[in-house]
2 protein chains.
Amino acid sequence: MDDSSKRDRIQRYRQVCRELGERCTAQRLVILEAVLELDNHPTADDVFSAVSTRLPTVAKPTVYRTLEHLARVGAITKACHPGNVARYDSRVDLHHHLVCLHCNQFVDFENETLDGLAIPDTSDMGFEVTDFRVQLRGICRSCQARAREGDSK
Amino acid sequence: MDDSSKRDRIQRYRQVCRELGERCTAQRLVILEAVLELDNHPTADDVFSAVSTRLPTVAKPTVYRTLEHLARVGAITKACHPGNVARYDSRVDLHHHLVCLHCNQFVDFENETLDGLAIPDTSDMGFEVTDFRVQLRGICRSCQARAREGDSK
DNA sequence: TTAAGTGCAAAAGCTTTGCGGGTAG
DNA sequence: CTACCCGCAAAGCTTTTGCACTTAA
């Protein structure tokens, strides 16, 4: 993410903290900054590593707690994916994902037609929908290659 | 899931095993049957509990290995969700999910308009897409209620 | 018959908790 | 000031691994 968007996002987070009466600590800011720089859906451990290089005193439980906090206040989002480790998404805007069902990797996918999708009525489910994502499920390039290798053996 | 669909699915699984040269063991059949009966995206542990009542000798690692196996051969699917435990989906057909970003719960959502969505071209990403899901993200009924309670305090 | 599958026990990995001390507002 | 937050250590889950035994085909 470029520097000016990053500054914007951090600024907006400070604002949200003020509104909600949440504390804006040095740890929280460093962790948010790290997520914004780690583009591809980092795990808590990825974030911990990145944070350790710039503020080595930050503890792992703080990273876990802070990531949940940041997601709760909307500064980042939780990623939905087929793996079994929590992953976070620095993006909060509308976008979509290509999901590999072989290796569980997933990458961002931009598409205006998908963005234009009308959100259906979900009131009878008691659900208040604010947003959506389309997951395109299939097989990534490297898993296709691996499958071809397997065939030829 | 009703009995006749269940029988169909098990039958189809036997067929796939024959084609792929995979072994069709008693454990695999019991585990598949359990997933088909557990409608709401069970975890490995949910499946283990269900299986234990009917074939108590099945070990937990077998459940883990078998669920991966069943997903690999397409008898079930992995669910994509914001939590950090692997969850499986007995459904392999086109459907969608309502995802609660507060409590990580998610439920099935049927909608023909969403089903009709054209899959965009992803060849430039090297991705072979076979399927898709739309995640409608928001807040579920009980989390809304909890939020209202919180407000009034 | 025999390679794939299973059970067991143990290890490894991820996440949460409790608590004393620190600090933003 | 003081309620909220953090670091530490430890516990609690979930998932994987290695190996000897069993079994489907």
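Ala, Val, Leu, Ile, Met, Phe, Trp, Tyr, Cys and Pro count here as nonpolar, Asp, Glu, Lys and Arg as charged, and the others, Gly among them, as polar. This is a predicted model, in which local features need pLDDT of at least 70 and side-chain atom pairs count only at pLDDT 80 or more, while totals for chains, interfaces and linings use all residues. Residues are numbered from 1 along each chain as its sequence is written, chains are lettered from A and ligands numbered from 1 in the order in which they are written, and side-chain values use heavy atoms, with hydrogens and water left out.

**View 1. The surface near DNA strand D.** By class, this surface has nine nonpolar, five polar and six charged residues. A residue is near a strand if one of its heavy atoms lies within 4 Å of it. DNA strand D is surrounded by 20 residues, and the closest are Arg23(A), Thr25(A), Thr62(A), Tyr64(B) and Ala86(B). Sugar or phosphate supplies 64% of the atoms of DNA strand D within 4 Å of the protein, and bases supply the rest.

**View 2. Polar contacts to DNA strand D.** A polar contact is a pair of N or O atoms within 3.5 Å; within protein, one must be able to donate a hydrogen and the other to accept it, and residues adjacent in sequence count only if both atoms are side-chain atoms. Thr62(A) places a polar side-chain atom 2.3 Å from a phosphate oxygen of DNA strand D. The side chain of Tyr64(B) has an N or O atom 2.7 Å from a phosphate oxygen of this strand. For Arg23(B), a side-chain N or O atom is 3.0 Å from a base oxygen of DNA strand D. Two or more residues of the surface near DNA strand D come from each of α2 (26-37) and α4 of chain A and α4 of chain B. Helices (H or I, at least four residues) and strands (E, at least two) are DSSP runs, numbered from the N terminus.

**View 3. The surface near DNA strand C.** Of the 20 residues around DNA strand C, the nearest are Tyr64(A), Ala86(A), Arg23(B), Thr25(B) and Thr62(B). Of the atoms of DNA strand C that come within 4 Å of the protein, 61% belong to sugar and phosphate. The surface near this strand divides into eight nonpolar, six polar and six charged residues. With four residues, α4(B) gives the most to this surface. Thr62(B) has a polar side-chain atom 2.4 Å from a phosphate oxygen of DNA strand C. A polar side-chain atom of Gln27(B) lies 2.8 Å from a sugar or linking oxygen of DNA strand C. Thr57(B) uses a backbone N or O atom, 3.3 Å from a phosphate oxygen of the strand.

**View 4. The surroundings of His96(A).** This residue lies in strand β3 (residues 96-100) of chain A. His96(A) counts as buried because its relative accessibility is 0%; buried means under 20% relative accessible area, exposed over 50%, and partly exposed in between (1.4 Å probe, protein chains only). The side chain of His96(A) reaches the backbone nitrogen of Val134(A) at 2.9 Å. Not counting residues up to four places away in sequence, His96(A) touches several residues, including Val107(A), Phe109(A), Leu114(A) and Phe132(A). Contact means heavy atoms within 4.5 Å. Asn111(A) is 15 residues from His96(A) in sequence, and the two are 7.7 Å apart in space, C-alpha to C-alpha.
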